[in-house]
Amino acid sequence: MRICVVGAGVAGALLAWRLAAEHGVRVTLLTGAPRPDATAASGGLVRAFERDPETARLAASSLAELRASRTLRKWSAYRPGTSLYVLAPADGDGHDAVPDALPPTAERCDRRRLADEFGVQGLPEGAAGVLEPHAGHLSPDGLRRAAVIDLVARGAEVPSGRLRAVAFDGPEGGVTYRTATQEGTADVLVAATGAWTGRLLRSLGVIAGDTVRTKVIQCAVYRAGGPLPPAFVDETSGLYGRPAGPGRMLLGLPTERWGAEPGAARFLDHEERAVRAAAARRLPGLSLGRLMRPVAAVDAYGPAGRLTLAPVLGAPGRLFTFTGGSGGSAKLALAASREAASGLLAGLSCGTSRTGRAPITTITRRETS
Ligand SMILES: Cc1cc2nc3c(=O)[nH]c(=O)nc-3n(C[C@H](O)[C@H](O)[C@H](O)COP(=O)(O)OP(=O)(O)OC[C@H]3O[C@@H](n4cnc5c(N)ncnc54)[C@H](O)[C@@H]3O)c2cc1C
């Protein structure tokens with residue numbers, strides 16, 4: 001069995017690594033040319049709590065594996081820390097929106113505690129938090145680089161070409177793929193090409209099923225004084241952030257820049273001013289100083305709202321996508337790649353994936369980073 005994974009962001013690198021290291025599959029990872037991708041720009045917040053149950057399951061499983069593995073902690077430069085997730089009030093029923101079932105390590109945190117302990121002010125009535133003492137952040141870029149180095153050491157092919165063309169060899173045959181300088185064959189090809197996925201599938205002339213959209217994510221690292229909050233997401237304002245070293249804070253707000261060209265994006269001053277205004281309202285004890293590092297890059301937003309393996313309907317069983325992280329793949333990539341690798345191989349061994357009917361749940365998820 002030979003599988004070609006296209007794209008060496010955190011999704012593709014980990015999927016290729018799982019297939020080779022855990023299943024002994026002959027893997028080719030086409031890394032494409034070096035260019036600014038979502039993995040390089042990512043803030044790397046990880047936690048177990050998410051609103052959507054399936055996303056939460058993957059997030060918790062990823063965090064558990066990360067915390068249990070010395071190798072993964074080292075590869076990803078994992079920094080343990082607290083995570084605070086502030087939920088917007090539930091609609092009009094008088095209760096807050098904190099679910100009854102929380103991850104085992106998480107606890108409910110009411111508005112008063114959010115204010116007294118973490119300096120979160122001005123929350124609407126009914127807002128409440130989920131506090132996780134064992135969360136933190138990692139470097140998705142470091143994790144994918146280490147996974148690629150390990151893949152090479154295992155003898156996997158890791159050419160730097162960019163996928164240009166594919167051909168399917170008969171109804172039960174494999175896939176022939178081409179870069180500018182190389183041709184290869186595989187039983188299956190997985191496009192883990194992030195925000196480039198829609199464009200790539202169109203250029204290959206295959207019919208894509210559910211489409212992957214693109215959107216800019218903008219955030220920045222600031223000099224910051226006063227008590228720094230832990231890593232947090234505030235649904236009520238959209239503000240998210242985390243400490244980024246002594247006296248520094250990374251902060252951002254979701255943008256509405258849909259349909260953006262993949263890669264690096266323009267850093268917009270008015271979006272940056274909105275971040276300062278939201279931080280002044282929610283975290284008045286935090287004094288934001290000079291902007292140290294602007295960040296703006298494009299991510300892929302899929303119909304499931306999370307990193308998902310999906311068959312491409314125009315070539316079922318031979319062509320898949322593994323993308324759609326919707327601004328949150330870094331925290332899911334470990335578990336999603338583990339499950340995608342075993343799901344892919346199970347489907348291939350019993351032939352079911354050729355039906356192209358692998359389920360894609362259509363839940364929309366709030367972007368929370
Ligand atoms: C600014 C920012 C902050 C973020 N913060 C967080 C966070 O705090 N927590 C969190 O969980 N998530 C966060 N995310 C989201 C997360 O980082 C992304 O969802 C994740 O990195 C996406 O990884 P990927 O591998 O799917 O895509 P990418 O990283 O975009 O990788 C796709 C790769 O495919 C390659 N490629 C494309 N076309 C071809 C081709 N034809 N041939 C070969 N290769 C090709 C590209 O060069 C690229 O390397 C953030 C994202 C951004 C942009």
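Here is a short chat about a predicted model and its domains, core and ligand shell.

Modeller: Quick ground rules: residues are numbered from 1 along each chain as its sequence is written. As the model is predicted, local features need pLDDT of at least 70 and side-chain atom pairs count only at pLDDT 80 or more, while totals for chains, interfaces and linings use all residues.

Biologist: How far apart do the C-alpha centres of domain 1 and domain 2 lie?

Modeller: The bounds come from an automatic or database domain assignment. Domain 1 is 2-40 + 141-212 + 303-355, and domain 2 is 48-137 + 213-300. Their C-alpha centres lie apart by 29 Å.

Biologist: Which helix gives the largest share of the largest nonpolar core?

Modeller: Such a core is a set of buried Ala, Val, Leu, Ile, Met, Phe, Trp, Tyr and Cys residues joined through C-beta atoms within 7 Å. Buried means 20 or more other C-beta atoms within 10 Å of a residue's own, with C-beta atoms placed from the backbone. This core has 113 residues, and Leu-15 and Ala-16 are among those with the most contacts inside it. Helices are DSSP runs (H or I, at least four residues) numbered from the N terminus, and the one giving nine residues here is α1.

Biologist: Why does the shell around the ligand lie between the domains, and which domains are they?

Modeller: The shell has 40 residues, with Gly-7 and Gly-9 among the closest (near means a C-beta atom, placed from the backbone, within 6 Å). Both domains give residues to this shell, so it lies between domain 1 and domain 2.

Methods:
A residue is buried if 20 or more other C-beta atoms lie within 10 Å of its own, exposed if 12 or fewer, and partly exposed in between; C-beta atoms are placed from the backbone. Helices (H or I, at least four residues) and strands (E, at least two) are DSSP runs, numbered from the N terminus.
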